[in-house]
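Trainee: Could you take one part of this model, look at it closely with me, and then connect it to what surrounds it? I would like a careful walk through a single chain, ending with the place where it meets its partner.

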Amino acid sequence: MSTAAGTVGATTDPFLHPALFYRDEREYLDGTVPFVREGLAAGEPVAVAVPGDRLRMLRDALGADAESVRLLDMREAGRNPGRIIPGVLRAFADAQPAGRRVRIIGEPVWAGRSSTEYPACVQHEALINAAFRGRTVTILCPYDAVRLPGHVLEDAHATHPTVIPAGSRPARDSEAYAPDAAVARYNEPLPLVTDAMTFPFAADSLPDARHAASDEGRRLGLTGVTLQDLALATAELTTNSVLHGGGGGVLRVWAEDGHVLCEVRDGGRMTDPLAGRRPAGRDQRGGRGLLMVNLIADLVRVHTGDRGTTIRCWFPR
Amino acid sequence: MPYLTVRPLEGCRGVRAAGEIGLATHMIWERALEQAVREGEAVYYLELSEVTFVDVAGAGALAAAAGRLGDGRRLVVRRPPPTLRRVLETFWPDLSTIEVSVS
């Protein structure tokens, strides 16, 4: 039979998304190494995207088998939770031949994720379910049951249809599973920052908005590629406001600790929770703006509601 | 107001664009790209050294035009703003009918 993580609950969806709770290194390896080896033995493609220290531990435990596994440091590849679905999970799963189950270990939540990043992490975990519905894919998500606070472990029960409790093997259904409610709960308002470069824009001032963001980004210490990224993100977000957010909005740029932040507020409402998280088809016209922002920013936070949408993104300085 | 001008190149098949490629100028850019596809030349040059910015949709229009070229044809994009190359590499890394030239 299969390991816990491969066991199907009372569902007909071939997509499996268990949370694995671990208390120490041994439980981590007990929960992940057989999952990888079983996949390899069945000829299934396997990827591991976990923080660097765990990645080294798992690579050492796998020995020569590690060479057959796609290994990624989630701290880099998944720094912005909004890019994990398009840039890590689907980038791997979609590149595999059809017919075989794809196995991925993904650890997007680790002790040390900031309180600003965390809401985006929960929304990401919840949206994986919609993004992979119907796919023959297993995504196993380890959670550090010792170092992560209780509310994080509770949220993992809401975002994963099945859970593997610490020290046990079989996966069981999560009674608290409610991914849509988790997305809504972490759709947190982003309070107005008053001490920021502020630029109201409309269709005829899109280039001015971009220049204003660039000038302020440069003044706040951005250079090179990151300054170009700020300009590109500003262009994409402000253009989206003109096209879909009521014809215009307000751009703000400011610095916080090690980042320059760029925020666009408009009167639109985002109704597609997976916007910016689907890889674009090669021949798809348009619709890549928010995806590009997710791919280049360190963090993207969104708040959307009846009174409008705010998108805030972080660039390192 | 944002602008984009497109003039024929001297000495080879292609155009020199100047200005920026964004929401207000996509139509002009797409018309230039349609022309490039229609010309039927094996190599068609897009001189972009005077273009200050290309957004993701502008890069997408370029990729779509390159995808419509027949066998043995290509677009050579000269000295584009740096984000264009970045966006092309992100979304169309295997598009062999676009050649980006920095010189």
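Mentor: Let us begin with A:Val36, which lies in helix H1 (residues 25-41) of chain A, and let us keep in mind throughout that this is a predicted model. Is A:Val36 buried or exposed? A residue counts as buried if 20 or more other C-beta atoms lie within 10 Å of its own, and A:Val36, with 24 C-beta neighbours inside 10 Å, therefore counts as buried. Leaving aside the neighbours within four places in sequence, the residues in contact with A:Val36 are A:Val46, A:Val48, A:Leu62, A:Asp65 and A:Val69. To get a sense of distance across the chain, take A:Val264, which is 228 residues from A:Val36 in sequence and 42 Å from A:Val36 in space, measuring from C-alpha to C-alpha.

The wider setting of this residue is given by the domain assignment, which divides chain A into domain 1 (4-185) and domain 2 (197-316). There is also a record to compare with, since an unreviewed UniProt entry carries the annotation "domain: MEDS" for residues 17-161 of chain A. In the model, the span 17-161 of chain A is 46% helix and 19% strand, and its end C-alpha atoms lie 6 Å apart.

Next, consider helix H5 of chain A, which runs through residues 118-132. Does its length fit what a helix should have, or depart from it? At 1.5 Å a residue, the 15 residues of H5(A) should span 21 Å, and the end C-alpha atoms are 22 Å apart, which agrees. The helix nevertheless bends, by about 25° at A:Ala126. Of the 15 residues of H5(A), 13 are buried, so the helix is largely enclosed by the rest of the structure. Just after H5(A) comes A:Gly134, where phi is positive, at about 85°.

From here we can turn to how the two domains of chain A meet. Their C-alpha centres lie 29 Å apart, and 18 residues of domain 1 of chain A are in contact with 14 residues of domain 2 of chain A. On the domain 1 side of this contact, helix H4 (84-93) and H5 of chain A each supply at least two residues, so that the helix we have just examined is found again here. By class, that side of domain 1 divides into nine nonpolar, four polar and five charged residues.Crossing into the second domain, we again find a record, because UniProt, in an unreviewed entry, lists "domain: Histidine kinase/HSP90-like ATPase" for residues 199-312 of chain A. Over residues 199-312 the chain is 38% helix and 29% strand, with end C-alpha atoms 15 Å apart. A residue to look at here is A:Ala255, which has its place in strand S9 of chain A. With 18 C-beta neighbours inside 10 Å, A:Ala255 counts as partly exposed. Not counting residues up to four places away in sequence, A:Ala255 touches A:Leu220, A:Val260 and A:Arg317. A:Leu127 is 128 residues from A:Ala255 in sequence, and the two are 29 Å apart in space, C-alpha to C-alpha.

Where does the chain go after strand S9 (248-256) of chain A? A loop lies between that strand and strand S10 (259-266) of chain A, and A:Asp257 is found in this loop. A:Asp257 has a positive phi of about 50°, although it is not a glycine. With 9 C-beta neighbours inside 10 Å, A:Asp257 counts as exposed.

Finally, we come to the partner. How many residues of chain A are in contact with chain B? There are 20 of them, and they meet 19 residues of chain B. Helix H8 (206-219), helix H9 (224-244) and helix H10 (289-296) of chain A each supply at least two residues of the side that touches chain B, and the largest share, six residues, comes from H9(A). By class, this side of chain A has nine nonpolar, four polar and seven charged residues.

Chain B itself has an annotation too, for UniProt places "domain: STAS", from an unreviewed entry, at residues 2-89 of chain B. That span is 39% helix and 34% strand, and its end C-alpha atoms lie 26 Å apart. In chain B, the loop between strand S4 (74-78) and helix H3 (82-91) holds B:Arg79, a residue with a positive phi of about 45° although it is not a glycine. With 14 C-beta neighbours inside 10 Å, B:Arg79 counts as partly exposed.

Technical notes
Residues numbered from 1 in each chain as written. Chains lettered and ligands numbered in written order. Predicted model: local features only at pLDDT ≥ 70, side-chain atom pairs only at ≥ 80, totals over all residues. Contact = placed C-beta atoms within 7 Å. Helix = DSSP H or I, 4+ residues; strand = E, 2+ residues; numbered from the N terminus. Nonpolar A, V, L, I, M, F, W, Y, C, P; charged D, E, K, R; others polar. Expected span 1.5 Å × (residues − 1). Bend = angle between axes of the 7 residues up to and from the residue. Buried ≥ 20, exposed ≤ 12 C-beta atoms within 10 Å, placed from the backbone. Domains from an automatic or database assignment.
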